[in-house]
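The following paragraphs lead through a single structure, from its overall composition to individual positions. The reader is invited to keep the sequence and the coordinates in view throughout.

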Amino acid sequence: MSRSALIVIDMLNTYNHPDAEFLIPSVREALPHIVGLIERARTEGVPVIYVNDNFGEWRSHHGEIVETTMSGPHRELVRPVLPDDDSLFVVKARHSIFYETPLSYLLSQLDVHRVVLTGQVTEQCVLYSALDAHIRHLAVTVPDDAVAHIHQDLAQASLRMMERNMNASVRKAANVEF
């Protein structure tokens, strides 16, 4: 059986950007499912890897990112998904979790062959990350109720593309097997 990792994408967020008003309602819906996946992964000994935007702050590190998001107006969306002491953390600057990050190396060191992608935004970072995982020959699972979107129609199209073009397993969070 292949080893899995749960990847939490961009959930440490200040929600201080132009599309935030459209994203926040979707985050509220997805949040309980994301939290459930994180808790289950931790219980089952599955690596939980946070890959998060650095908001253009090139001196930032994960502690600073957590601190910034927890001092923002929507910390109730961040608090439930905070990394614990066993969580791994990769800082990214662009949409894909792989683009110029050490994630591929980290996954190979952990002998991970399957990634479960959760977080935000379905039609942006999750989609591009799924494609990059696919071209790296990683199996991809995307729990459709544990990803948040800005535009529902684009999110649905993105999930269909991931399933059809990238052979991703798109299913409910409760049905995800690590």
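How many positive and how many negative side chains does the chain have, and how far apart do the centres of the two sets lie? The chain has 15 positive and 23 negative side chains, and the centres of the two sets are 3 Å apart. The model discussed here is a predicted one.

The secondary structure consists of six helices and seven strands. Along the sequence these elements follow the pattern β-α-β-α-α-β-α-β-α-β-β-α-β. The radius of gyration of the chain is 15 Å, close to the 16 Å that the globule rule gives for 178 residues, so the chain is as compact as a globular protein of that length. Along the principal axes, the C-alpha atoms fill a box of roughly 40 × 35 × 30 Å.

Contacts and surface may be considered next. Among the contacts with a separation of 6 or more, 81% are accounted for by residues 24 or more positions apart. Of the 178 residues in the chain, 50% are buried. The chain exposes about 9,100 Å², and carbon and sulfur atoms supply 48% of that area.

The interior is described through its nonpolar cores. In soluble globular proteins, nonpolar side chains tend to be buried together. The largest nonpolar core of this chain has 28 residues, of which L6, M11, Y15 and F178 touch the most other members. The elements that give two or more residues to this core are β1 (3-9), α1 and β2 (48-53). Helix α1 gives the most, with 11 residues. Apart from this core lies another, of 27 residues, which includes I9, I97, V112 and V170.

M11 merits a separate look, as one of the residues that touch the most other members of the largest core. Not counting residues up to four places away in sequence, M11 touches V27, L31, I34, N52, L77, V78, V81, G119 and Q120.

V81 also appears in the surroundings of V35, a residue of helix α1 (residues 20-43). Leaving aside neighbours within four places in sequence, V35 is in contact with P80 and V81. Is V35 buried or exposed? With a relative accessible area of 17%, V35 falls under the 20% limit and is therefore buried. The C-alpha atoms of V35 and A146 are separated by 8.7 Å, although these residues are 111 residues apart along the chain.

Helix α5 (residues 122-135) contains T122 and also S129. T122 has a relative accessible area of 1% and is buried; S129, at 0% relative accessibility, likewise counts as buried. Which residues does each of them touch, not counting residues up to four places away in sequence? For T122 they are L127, V147, A148, H149, A155, S158, L159 and M162. For S129 they are I9, H95, S96, I97, F98 and L117. Of these partners of S129, I9 and I97 are among the members of the 27-residue core.

The loop between β1 and α1 holds N16. At 68% relative accessibility, N16 lies over the 50% limit and therefore counts as exposed. The C-alpha atom of N16 is separated by 8.7 Å from that of P73, a residue 57 residues apart from N16 along the chain.

Technical notes:
Residues numbered from 1 in each chain as written. Predicted model: local features only at pLDDT ≥ 70, side-chain atom pairs only at ≥ 80, totals over all residues. Heavy atoms only, no water. Helix = DSSP H or I, 4+ residues; strand = E, 2+ residues; numbered from the N terminus. Rg over C-alpha atoms; globule rule 2.2 N^0.38 Å. Buried < 20%, exposed > 50% of the residue type's maximum accessible area, 1.4 Å probe, protein only. Contact = heavy atoms within 4.5 Å. Areas by Shrake-Rupley, 256 points an atom, 1.4 Å probe, with all protein chains shown as cover. Lys, Arg positive; Asp, Glu negative; His and termini not counted. Charge placed at Lys NZ, Arg CZ, Asp CG, Glu CD. Core = buried A, V, L, I, M, F, W, Y, C linked by side-chain atoms within 4.5 Å.
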